[in-house]
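Trainee: Please take a close look at a single part, the surroundings of the annotated active site, and then place it among the other elements.

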Amino acid sequence: MDRVNFRTQVLTRHLNNHHNATTDLLHTAPCVSYSPPELSEPPLNFDTKLLRKLLDGQSIADIDYVFNLMIQSNLFCPRERGGKVFISPDFNQSMEQQREMTMRRLDYLREHGVFDGWFSKKGPEGDLSRFALAESASVFDHSLGIKLGVHFFLWGGAIRFMGTKRHHDKWYKPTETYEVKGCFAMTELGHGSNVRGIETITRYDSSTQEFIISTPCESAQKYWIGGAANHATHTVVFSQLEINGVNQGVHAFIAQIRDSDGNVCPNVRIADCGHKIGLNGVDNGRIWFDNLRIPRENLLNSVADVSPDGQYLSAIKDPDQRFAAFLAPLTSGRVTIAASAINTAKVGLAVAVRYSLTRRAFSIKPNEPEVLLLDYPSHQRRLLPLVAKTYALNFASNYLKMIYVKRTPESIKTVHVVSSALKAALTWHCMRTLQECREACGGQGLKTENHVGHLKSEYDVQLTFEGDNNVLMQQISKALYAEFLSAKKRNKPIRGLGLEHLNNPAPVIPSHLTSSTLRTTQFQTDIFCLRERDLLQRFVTEVSQHQAQGESREHIFTVMYQLAEDLGRAFADRLVLQTFLDVEATVPSGSLKDVLGLMRSMYSTIVLEEDGSFLRYGYLSIDNAAVVRKEVLKLCSELRPHALGLVSSFGIPDAFLGPIAFNWVDANAWSSV
């Protein structure tokens with residue numbers, strides 16, 4: 001009975017007192033809640049619309065037009081989470097469903113006039129409008145942007161630049177209306193970056209005035225051809241042209257691979273490349289040609305032609321120059337990739353920064369509120385340098401577009417080198433940014449709906465197509481080497497590629513750096529130019545030393561790849577800094593110019609800290625490197641109050657971001673789930 005009485009007393013106390021105490025405790029302990037950063041962050045001291053105009057320029061209307069079209073349609077998978085509507089592809093769909101949805105979305109954009117007059121838009125304004133429309137589609141889904149790009153920029157660009165009037169008259173209209181669906185058959189199983197080495201062969205039959213395209217071996221099969229597996233009706237085939245037993249090098253031909261009902265044409269075989277780690281809305285395929293006959297007029301003949309009786313005709317006699325002229329117009333691919341990479345980085349940063357302005361973790365002192373993620377110096381160091389670098393690279397991307405749309409025969413070399421440098425720099429930045437944003441969002445970064453994690457696999461391919469980034473860095477070094485030797489041979493100052501600084505005395509870097517010195521445009525320009533000129537001189541010297549030992553230039557460039565990549569990065573970094581300075585010079589004194597100055601200093605300082613070449617080659621002493629590192633943290637704290645305004649100025653609509661960029665508590669509430 002004693003035990004029974006004891007238990008009765010315990011239960012009585014529990015029912016009478018403990019329940020109430022627990023209830024009081026629950027009422028007095030506040031739950032984690034969401035508060036919009038707009039309510040708690042300092043008021044903006046600069047105009048976000050003006051800053052966005054520096055990023056998107058005259059393309060804002062085109063960009064927002066496509067954004068709004070996508071937001072309005074159920075084809076773009078609208079979902080309500082936390083009281084807001086978000087759009088994004090459904091990556092839970094099968095590969096076949098994703099491909100079908102990509103085509104339906106393209107049809108929707110076509111029906112709403114996005115592609116009307118695509119080829120009739122003339123001049124730089126027309127090119128910039130085309131870029132803007134394609135970039136906007138990629139913000140929603142990389143597959144949509146790539147599918148659009150393959151059809152209009154690769155297939156359509158080949159018709160436009162490699163063809164002549166007869167091709168324009170025949171193919172422009174059906175391309176705009178998608179009566180013809182084009183793809184671009186350049187890469188092969190055995191050759192990707194090395195276009196000269198492709199093995200597909202085309203011979204001419206003068207008796208029928210036809211070209212005969214053949215795949216002589218398995219390694220010659222066309223591989224990774226976007227659009228080929230399901231949808232394309234026609235392709236531009238890159239092939240070795242053989243005339244009377246003489247190989248005239250790589251040329252491009254128009255070939256039909258499917259009829260209007262979708263049936264594969266005779267003498268053509270097509271297979272699927274299969275499921276990929278990302279970009280499954282694009283139907284990459286493989287193509288074999290079994291002596292496929294096409295009309296003589298299907299040779300894209302802007303550089304070279306074949307007469308009806310089989311004579312090879314070209315005003316450019318040198319095969320190397322002919323090959324360069326032939327591929328020069330295809331630079332547009334690198335331009336669109338660079339711009340797409342920056343837009344993707346913006347999405348990741350907008351999500352991660354907004355989340356860090358509302359998510360709290362840990363208290364610094366007992367009984368004090370938990371601290372916002374972005375108030376931790378470590379979190380600022382993770383994200384804010386990437387924000388500043390995104391602005392710097394965006395300005396560089398705009399510069400690339402302008403020199404492309406205003407290109408002349410004399411500027412083709414510059415466009416090629418700059419596009420190679422920025423394609424590599426911007427895509428590397430994109431992937432690094434997405435990884436950092438994924439980690440900065442913690443577990444929420446793993447959810448596909450929050451974008452930053454899944455975007456990594458969707459955009460990973462950027463580092464490979466249109467040129468492997470490491471190969472592009474080496475190409476830049478070869479071009480700089482050639483420019484240096486050419487000027488020396490002529491005994492003339494160097495002109496072009498921004499190398500004019502080589503004509504001046506070498507800059508002198510202060511032996512002891514201070515915060516104020518690090519922020520001057522003079523120091524930033526000097527140390528970037530010093531690094532580039534010194535690496536170029538080292539490169540020239542080492543090549544000469546190897547040549548003196550009887551080694552071939554090709555072998556030398558192969559073994560010197562590390563120095564070549566350092567030089568390529570130095571060229572890219574100096575170019576980016578210069579474009580930033582050019583933009584900054586257009587802005588009048590005031591708060592916006594001050595913020596731009598902070599970001600420019602952050603860009604230059606973070607490059608100094610992170611690139612090992614500054615210490616490796618002695619441009620920075622160990623003591624000065626320590627000063628640089630402290631300056632990065634200082635700049636982070638000064639940029640912190642502007643974080644919300646900087647990502648808002650990206651101009652990415654709320655619907656294209658992830659739920660954690662807004663009310664992530666309601667988005668994960670039971671009712672939302």
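Mentor: Contact here means heavy atoms within 4.5 Å. This is a predicted model, in which local features need pLDDT of at least 70 and side-chain atom pairs count only at pLDDT 80 or more, while totals for chains, interfaces and linings use all residues. Residues are numbered from 1 along each chain as its sequence is written, and side-chain values use heavy atoms, without hydrogens and water.

The UniProt record, an unreviewed entry, puts the feature "active site" at Glu466 (positions follow the numbering used here, feature names are shortened, and annotations may be inferred rather than shown by experiment). Glu466 sits in the loop that joins helix H13 (452-459) to helix H14 (469-490) (helices, H or I, of at least four residues and strands, E, of at least two are DSSP runs numbered from the N terminus). Glu466 counts as partly exposed because its relative accessibility is 27% (buried is under 20% relative accessible area, exposed over 50%, partly exposed in between, with a 1.4 Å probe and protein chains only). Apart from neighbours within four places in sequence, Glu466 contacts Leu154, Leu330, Gly333, Arg334, Ile337, Lys423 and Leu472.

Lys423 and Leu472 reappear where H12 meets H14: the H12 side consists of Lys413, His416, Val417, Ser420, Ala421, Lys423, Ala424, Thr427 and Trp428, and the H14 side of Asn469, Asn470, Leu472, Met473, Gln475, Ile476, Ala479 and Glu483. Of these residues, eight are nonpolar, six polar and three charged (Ala, Val, Leu, Ile, Met, Phe, Trp, Tyr, Cys and Pro count as nonpolar, Asp, Glu, Lys and Arg as charged, and the others, Gly among them, as polar). The axes of H12 (residues 412-440) and H14 are 9 Å apart, at an angle of about 145 degrees (axes are lines fitted to C-alpha atoms, for helices over the stretch in contact, and angles run from 0 to 180 degrees between N-to-C directions).

Helix H10 (residues 332-356) holds Thr344, which counts as buried because its relative accessibility is 3%. Its contacts, leaving aside neighbours within four places in sequence, are Cys430, Leu434, Leu455 and Tyr459. Between the C-alpha atoms of Thr344 and Gly227 there are 23 Å in space and 117 residues in sequence.

A second annotation from the unreviewed UniProt entry, "binding site", covers Thr187 and Gly226. They are spread over 40 residues of sequence but cluster in space, with a largest C-alpha distance of 10.6 Å. Thr187 belongs to the loop between strand E3 (182-185) and strand E4 (201-205) and, at 26% relative accessibility, is partly exposed. Not counting residues up to four places away in sequence, Thr187 touches Gly192, Gln221, Lys222, Tyr223, Trp224 and Ile225.

Strand E6 (222-226) is one edge of a sheet and strand E9 (268-272) the other; each has a single partner strand, so one side of each lacks a neighbour in the sheet. The sheet is open and antiparallel, in the order E6-E10-E9 (strands pair if DSSP finds at least two bridges between them). On average its neighbouring strands are turned by 35 degrees against each other, direction ignored. Five bridges join E9 to strand E10 (residues 284-289), and Ala271 has Arg286 in E10 as its bridge partner.

Another antiparallel pair is E7 (residues 234-243) with E8 (residues 246-256), over nine bridges. Val236 faces Ile254 of E8. Two residues lie between the strands of this hairpin, where Asn244 has a positive phi near 50 degrees.
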